Amino acid sequence: MGGRFEPQDVVAEYHDRAVLVGADLGARGWPLEESLAELSRLAETAGAEVVASVSQRLQRPHPKTFIGEGKAEEIAQIVRDLSATVVVFDENLSPSQQANLETLIPNTKVVDRTALILDIFALHAVSREGKLQVELAQMEYLLPRLRGMWRHFEQAAAAAGGKRGIGTRGPGETQLETDRRLVRNRIADLKRELKDVARNRQVQRKARSDSGVYRVAIVGYTNAGKSTLLNALTGAGVLAADMLFATLDSTTRRLDLHDGRTVTLTDTVGFLHKLPHGLVEAFKSTLDEVGEADLLLHVVDASHPEHRAQMAAVRVVLGEIGASGKPQLVVYNKLDALAPEAADRIRASERDAILVSAVTGQGVEELVTRISAETTRGFVTMTLHVPFTRGEVVQVAHDLAHVVSETHDETGTWLVVRAPEALVERFGEFVASREESA
């Protein structure tokens, strides 16, 4: 009796052997060594073993191969010597550059930075929305590259003396057009599904907005410790790992402030140096959480040698999604990994700096105090008179506003509250007086 084939019967752990390629294109605000170090971490996150790194100084990218044929042949030799299986470029390649490089470096995958990041996103996407967003970005990346993929069949035919052997026969360009149509149809389907998901997310956001709850979004470079900080502040228990893009899906939790009020904290996908624009577009509904927040916590890995460049990269993405003008608190995380003199330099250069360790809890209480102060900036102070029959209004005041004082007489409850402008209309008929606060 023959055994039934099951996929798990042949599952084995597999690691690519990767050669990294970086280009020094002059003034770029980010040292090539650091960029390649980050690319190495990305490759390792995707399951590859980095066996070599190659760099080249260029005035401008070569239009056909990005690095020139001579350098491509040098890389091909390194690939052969080290039995590498993939070559990863730190820049984004055009479809024709990628196809030409795969001709010059035969029997080896050639991927660019975008493809690598997409691969990691595909590994880490958990929710339906996250998976749809990643697949959309992958399909849009794939579409212009289909022509290059069909070149493998043409090369196989050429190797056979022009004869179309097994695996190379078929309708050729007609099949290519069929594939393009299938990919375009899938892109359209994904966009429709994501619109439905975005509508549901918008309903949830509107409900939070209408409730008057102050909304805080945590943003920052990938692996800056955003999820760890969310856990430290709220006990959320979300995945927090020392890897790039450990979490993709946004998570919202409640944070109780010292005065009894509640705000929401939303952890968002990490940003990255040279983050592909297609990913920003694909994750638009998730990143809308950032655009609609009342306050941003910009979390920085203070121990990273290029944390200033990382901060700049985050600001670029915030600009792309229209959130650069949002009120921000800059939170320098990983204080436990920072030398005391380095921490002192940050405090000396930035008067409002908040230094914390999300791992040890150091500075977290100060951060909660600063968040609380931000939530009352621009608040309105109101005196409310609430009849005893409307006790739910008193409860809303305690939940969503800061109750300065509370007294009672024979007709009801008198409250002095400080609350955001959005709540004024909600208290409406009960407002006896009000004044603006700074």
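This text walks through a predicted model of a protein, from its overall make-up to a few helices and residues.

The secondary structure comes to 15 helices and 14 strands. The protein has 438 residues, and buried residues make up 47% of them. Contacts can also be sorted by how far apart the partners stand in the sequence. Among contacts between residues at least 6 apart in sequence, 70% join residues at least 24 apart.

Begin near the start of the chain, with helix 1, which covers residues 32–45 and contains Ser-40. Is Ser-40 buried or exposed? Its relative accessibility is 16%, and a residue counts as buried under 20%, so Ser-40 is buried. Once the neighbours within four places in sequence are set aside, Ser-40 is in contact with Leu-20 and Val-50.

Further along come helix 4, residues 113–124, and helix 5, residues 128–142, which pack against each other. Helix 5 can be looked at alone before the pair is considered. It has 15 residues and reaches 21 Å from its first C-alpha to its last, close to the 21 Å expected at 1.5 Å a residue. Its buried residues are Glu-129, Gly-130, Leu-132, Gln-133, Val-134, Leu-136, Ala-137, Met-139 and Tyr-141.

Now take the two helices together. Their axes are 10 Å apart and make an angle of about 155°. Angles over 145 degrees count as roughly antiparallel, and therefore helix 4 and helix 5 are described in that way. The crossing of helix 4 past helix 5 is left-handed. Which residues make the contact? From helix 4 they are Thr-114, Ala-115, Leu-118, Phe-121 and Ala-122, and from helix 5 they are Val-134, Ala-137, Gln-138 and Tyr-141. By class, this contact has 7 nonpolar residues, 2 polar ones and no charged ones. Val-134, Ala-137 and Tyr-141 appear both in this contact and among the buried residues of helix 5.

A second pair of helices gives another arrangement. Helix 8 spans residues 226–234, and its axis comes within 10 Å of the axis of helix 13, with a crossing at roughly 80°. Angles from 65 to 115 degrees count as roughly perpendicular, so this term applies to helix 8 and helix 13. In the contact, Leu-229, Ala-232 and Leu-233 of helix 8 meet Val-364, Leu-367 and Val-368 of helix 13. The contact has 6 nonpolar residues, with no polar and no charged residues.

Helix 13 runs over residues 364–375 and includes Thr-375. Thr-375 counts as buried because its relative accessibility is 1%. Leaving aside neighbours within four places in sequence, the residues in contact with Thr-375 are Tyr-214, Leu-257, Arg-261 and Val-263. Pro-420 is 45 residues from Thr-375 in sequence, and their C-alpha atoms are 8.1 Å apart in space.

The last stop is helix 11, which covers residues 307–320. It has 14 residues and reaches 20 Å from its first C-alpha to its last, close to the 20 Å expected at 1.5 Å a residue. Buried residues in helix 11 are His-307, Ala-309, Gln-310, Met-311, Ala-313, Val-314, Val-317 and Leu-318. Just after this helix, Gly-322 takes a positive phi of about 75°.

Technical notes. Residues are numbered from 1 along each chain as its sequence is written. This is a predicted model: local features need pLDDT of at least 70, side-chain atom pairs count only at pLDDT 80 or more; totals for chains, interfaces and linings use all residues. Side-chain values use heavy atoms; hydrogens and water are left out. Helices (H or I, at least four residues) and strands (E, at least two) are DSSP runs, numbered from the N terminus. The expected span of a helix is 1.5 Å times one less than its number of residues. Buried means under 20% relative accessible area, exposed over 50%, partly exposed in between (1.4 Å probe, protein chains only). Axes are lines fitted to C-alpha atoms, for helices over the stretch in contact, and angles run from 0 to 180 degrees between N-to-C directions. Angles under 35 degrees count as roughly parallel, over 145 as roughly antiparallel, 65 to 115 as roughly perpendicular and the rest as oblique. A crossing is left-handed if the near helix is turned anticlockwise from the far one by less than a right angle, and right-handed if clockwise. Contact means heavy atoms within 4.5 Å. Ala, Val, Leu, Ile, Met, Phe, Trp, Tyr, Cys and Pro count as nonpolar, Asp, Glu, Lys and Arg as charged, and the others, Gly among them, as polar.
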